[in-house]
Amino acid sequence: VTLYLLKTTLEENMRKYIDLHSHTTASDGTLTPTQLVQEADRRKLAAIAITDHNTILGVSEALLAGKDLPIEVIPGIEMDCGYGSGEIHILGYLLQGDYSTTHLEAIQKDLQVFIDMRDERNNEIIRRLNKAGIEISMEDLYQKNPNAVVTRGHIARTLVSKGYFRTASDAFSSYLGDGSPFLPPKQVTVESVMDFFHKYHFFISLAHPTRYHLSDIELENLVKVISNYGAHGIECYHSSFQISDTQKLLKLAHRYKLLPTGGSDFHGENKPKIQLGVGYTNMHIPYTLLIDMKKVQC
């Protein structure tokens, strides 16, 4: 027993890295919440955040899966909202420790408003695609994802499965990218998302800022906007970032007194080249980032 406890303690002390951006079958990932936590444990991560799109339905299962494992499970969410002619994503993390069923159910109930708006938009996307001669229905989307919050990623993969495109990236380039005539304007605003996060005391971080195809001036304006709305951080580490991206974002974070956050944006087989914890294998996010995040009064 002593040797086992010593081995466990040494293993826990060796866990230095985290992943604060991952998706499960509750949105557009391919691992269940349990499988995701188990994979994070297998990779010896110190902490994993579940950040499904616009839902926390996978959080309770993930917390249960991590209960007897030497890994910290962080309840989180990734919300998307309209910004200019496109959209941005904002991450929220519950770091204060109230993970009770009652609290999580209250959060999910408020999220239903955003989910309903997303469903309305998805229906309109389908209507526009149908009008262009593309045969796709909401039933097609939910057939393989009965309990998931449907995203553009689900639509893209369905178009691939129906033979309209070779890859999901092709579907996005042709029909589903920001500014496409097949996409109606986003009803969800930055202000409404930020109000929701503040109501439930989430730590708030702008997700993958360099992926919005903004100029340096536009990017800084975006950081200024979310800072003015009371954001606490910026995602400075992400699988898609070059070293120069991270350096640029760290400077912006410092300038606007925001903390750096980071994660792989893991989706399982839906993004097979991205590995949990390390992205494309060379990313390591230190646990010290999470320590600093926990010091913030949200």
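In helix α6 of this predicted model, the buried residues are Arg152, Gly153, His154, Ile155, Ala156, Thr158 and Leu159. That makes α6 a mostly covered helix, with 7 of its 10 residues buried. What, then, covers the buried residues of α6? The cover includes strand β4 together with the helices α4, α5 and α7.

Let me take one of these neighbours, α7, in more detail. The axes of α6 and α7 come within 8 Å, and they cross at roughly 110 degrees. An angle of 65 to 115 degrees counts as roughly perpendicular, and the two helices are therefore roughly perpendicular to each other. On the α6 side, the contact is made by Arg152, Gly153, Ile155, Ala156, Arg157, Leu159 and Val160. On the α7 side, the residues are Ala168, Ala171, Phe172, Tyr175 and Leu176. When these residues are sorted by class, 9 are nonpolar, 1 is polar and 2 are charged. As a general reminder, an α-helix has 3.6 residues a turn, so residues three or four places apart point the same way.

I turn now to the open space in the model. The largest pocket holds about 1300 Å³. Which residues lie nearest the centre of the largest pocket? They are Gly153, Ser169, Phe172, Arg211 and Lys271, out of a lining of 39 residues. Two of these names have already appeared: Gly153 and Phe172 also take part in the contact of α6 with α7. The elements that give two or more residues to this lining are the strands β3, residues 72-83, and β4, residues 86-93, and the helices α4, residues 101-131, α6, residues 152-161, and α7, residues 168-176. The largest share comes from α7, which gives 5 residues. By class, the pocket lining has 8 nonpolar, 17 polar and 14 charged residues.

Next, the enclosed space. How many cavities of 30 Å³ or more are there? The count is 1. The volume of this largest cavity is about 100 Å³. Its lining is made up of Asn54, Met79, Asp80, Phe114, Ile115, Met117, Arg118, Arg121, Pro185, Lys186, Gln187 and Val188. Two elements, β3 and α4, give two or more residues to the cavity lining, and α4 gives the most, with 5 residues. The classes here are 6 nonpolar, 2 polar and 4 charged.

One residue of that cavity lining, Asn54, deserves a separate comment. Asn54 sits in the loop between β2, residues 47-50, and α3, residues 59-66. Is Asn54 buried or exposed? With a relative accessible area of 2%, Asn54 is buried, because the cut-off for buried is under 20%. The backbone of Asn54 is also notable: phi is near 60 degrees, a positive value in a residue other than glycine. Most residues other than glycine have a negative phi.

His201 likewise has a positive phi, near 60 degrees, and is not a glycine. The loop that holds His201 runs between α8, residues 190-199, and β5, residues 203-206. At 42% relative accessibility, His201 counts as partly exposed, because that class covers values between the cut-offs of 20% and 50%.

Another loop residue is Gly277, found between β7, residues 259-263, and β8, residues 285-286. At a relative accessibility of 2%, Gly277 is buried. Which residues does Gly277 touch, leaving aside those up to four places away in sequence? They are Ile18, Asp19, Leu45, Ser264 and Met283. Gly277 and Pro70 are 207 residues apart in sequence, and their C-alpha atoms are 16 Å apart in space.

I close with two further positions. Ser137 lies in the loop between α4 and α5, the latter being residues 138-143. Ser137 is partly exposed, at 22% relative accessibility. Between the C-alpha atoms of Ser137 and Asn122 the separation is 9.9 Å, with the two positions 15 residues apart along the chain when counted as a sequence separation. Gln38 belongs to helix α2, residues 33-42. Gln38 is also partly exposed, with a relative accessible area of 45%. The C-alpha atom of Gln38 is 7.7 Å from that of Gly66, a residue 28 places away along the chain.

Definitions and conventions. Residues numbered from 1 in each chain as written. Predicted model: local features only at pLDDT ≥ 70, side-chain atom pairs only at ≥ 80, totals over all residues. Heavy atoms only, no water. 1 Å grid on protein atoms, 1.4 Å probe; cavity = no way out; pocket = protein on both sides within 12 Å on 5 of 7 lines; lining within 4 Å. Points joined across faces, edges and corners; volume = space filled by probe spheres on them. Helix = DSSP H or I, 4+ residues; strand = E, 2+ residues; numbered from the N terminus. Nonpolar A, V, L, I, M, F, W, Y, C, P; charged D, E, K, R; others polar. Axes fitted to C-alpha atoms, helices over the stretch in contact; angles between N-to-C directions. Parallel < 35°, antiparallel > 145°, perpendicular 65-115°, else oblique. Contact = heavy atoms within 4.5 Å. Buried < 20%, exposed > 50% of the residue type's maximum accessible area, 1.4 Å probe, protein only.
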